[in-house]
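Student: I've got this one open in the viewer and would like to go slowly through one part of it. Could you pick the helix packing, take it residue by residue, and then set it beside the sheet?

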Amino acid sequence: EMNKSLVQKYKNEMALRKKLHNEVIELKGNIRVFCRVRPTIREDGDGAQARHVVSFDYDDDQLVNVLVRGSTRSFEMDNVFRPNASQEEIFSDVKTLITSCMDGYNVCIFAYG
């Protein structure tokens with residue numbers, strides 16, 4: 001009898017956690033965009049222009065600036081990860097998506113490059 005009661009309490013708490021977690025996700029917005037900028041590589045060249053194609057706003061981790069045909073364009077994301085960002089840093093921001101996926105919601109993580 002005690003086990004049945006504990007199992008029921010556990011199920012109720014799990015349902016509440018799932019509901020509250022997904023409410024937080026909806027409040028943040030169902031579509032989020034993260035950008036991870038890779039370090040420069042040899043194929044990028046070694047001139048000043050190659051090093052400055054991508055720049056960051058050091059006061060705002062949601063902006064990335066890209067040099068395109070001589071002019072700088074700014075893009076706003078939910079978060080911009082700099083080249084020195086660790087896998088752990090990135091995972092800490094996307095783990096809520098993984099939790100939603102495990103709760104049965106549709107999730108898409110698109111990685112390019």
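Tutor: Here is a walk through the helix contact, followed by the strands. Keep in mind throughout that this is a predicted model.

Let's begin with the two helices. Two packed helices are described by the angle between their axes and the distance between the axes. Here the pair is α1, covering residues 2-28, and α3, covering residues 87-102. Their axes lie 10 Å apart and make an angle of about 130 degrees. That angle makes α1 oblique to α3, since anything over 145 degrees would count as roughly antiparallel and 65 to 115 as roughly perpendicular. As for handedness, α1 passes α3 in a left-handed crossing.

Now for who touches whom. From α1 come R17, H21, N22 and I25, and from α3 come T96, T99 and S100. Sorted by character, the residues of this contact come out as one nonpolar, five polar and one charged. The nonpolar one is I25 and the charged one is R17.

I25 is worth a stop. It belongs to helix α1, and its relative accessibility of 7% is why I25 counts as buried, the limit for that label being under 20%. If you want a sense of how I25 sits relative to a residue far along the chain, try G104: the two are 79 residues apart in sequence, and their C-alpha atoms are separated by 14 Å.

Across from I25, on α3, look at T96. Once residues up to four places away in sequence are set aside, T96 touches H21, I25 and R32. So T96 meets two residues of the α1 side of the contact, H21 and I25, and R32 as well. T96 has 18% relative accessibility, so T96 counts as buried too, again by the under 20% rule.

T99 is another α3 residue to click on. Leaving out neighbours within four places in sequence, T99 is in contact with R17 and H21. H21 therefore turns up in the contacts of T96 and in those of T99, both by the 4.5 Å heavy-atom cut-off. The T99 and H21 pair is 78 residues apart in sequence, yet 8.4 Å apart in space from C-alpha to C-alpha. At 26% relative accessibility, T99 counts as partly exposed, a label for values that are neither under 20% nor over 50%.

That's the helix side; now the strands. The sheet is open, has three strands in the order β2-β3-β4, and pairs antiparallel. β2 (54-56) and β4 (71-76) stand at the edges with a single partner strand each, so one side of each has no neighbour in the sheet. Neighbouring strands are turned by 30 degrees against each other on average, if you ignore direction.

Take the β2 side of the sheet. Three bridges join β2 to β3, which spans residues 63-68, and the two run antiparallel. V54 has V66 in β3 as its bridge partner, while S55 stands opposite N65 in β3. The connection is a hairpin, with six residues between β2 and β3.

On the other side, β3 and β4 are joined by six bridges and also run antiparallel. Here L67 has T72 in β4 as its bridge partner, and V68 stands opposite S71 in β4. β3 and β4 form a hairpin as well, with two residues between them.

The turn of that hairpin holds the last residue to visit, R69, in the loop between β3 and β4. R69 is not a glycine, yet R69 has a positive phi of about 50 degrees. It is exposed, with a relative accessible area of 84%, where over 50% is what earns the label.

To line up the residues for your viewer: I25 at 7% is buried, T96 at 18% is buried, T99 at 26% is partly exposed, and R69 at 84% is exposed.

Conventions. Residues are numbered from 1 along each chain as its sequence is written. This is a predicted model: local features need pLDDT of at least 70, side-chain atom pairs count only at pLDDT 80 or more; totals for chains, interfaces and linings use all residues. Side-chain values use heavy atoms; hydrogens and water are left out. Axes are lines fitted to C-alpha atoms, for helices over the stretch in contact, and angles run from 0 to 180 degrees between N-to-C directions. Helices (H or I, at least four residues) and strands (E, at least two) are DSSP runs, numbered from the N terminus. Angles under 35 degrees count as roughly parallel, over 145 as roughly antiparallel, 65 to 115 as roughly perpendicular and the rest as oblique. A crossing is left-handed if the near helix is turned anticlockwise from the far one by less than a right angle, and right-handed if clockwise. Two strands pair if DSSP finds at least two bridges between them. Buried means under 20% relative accessible area, exposed over 50%, partly exposed in between (1.4 Å probe, protein chains only).
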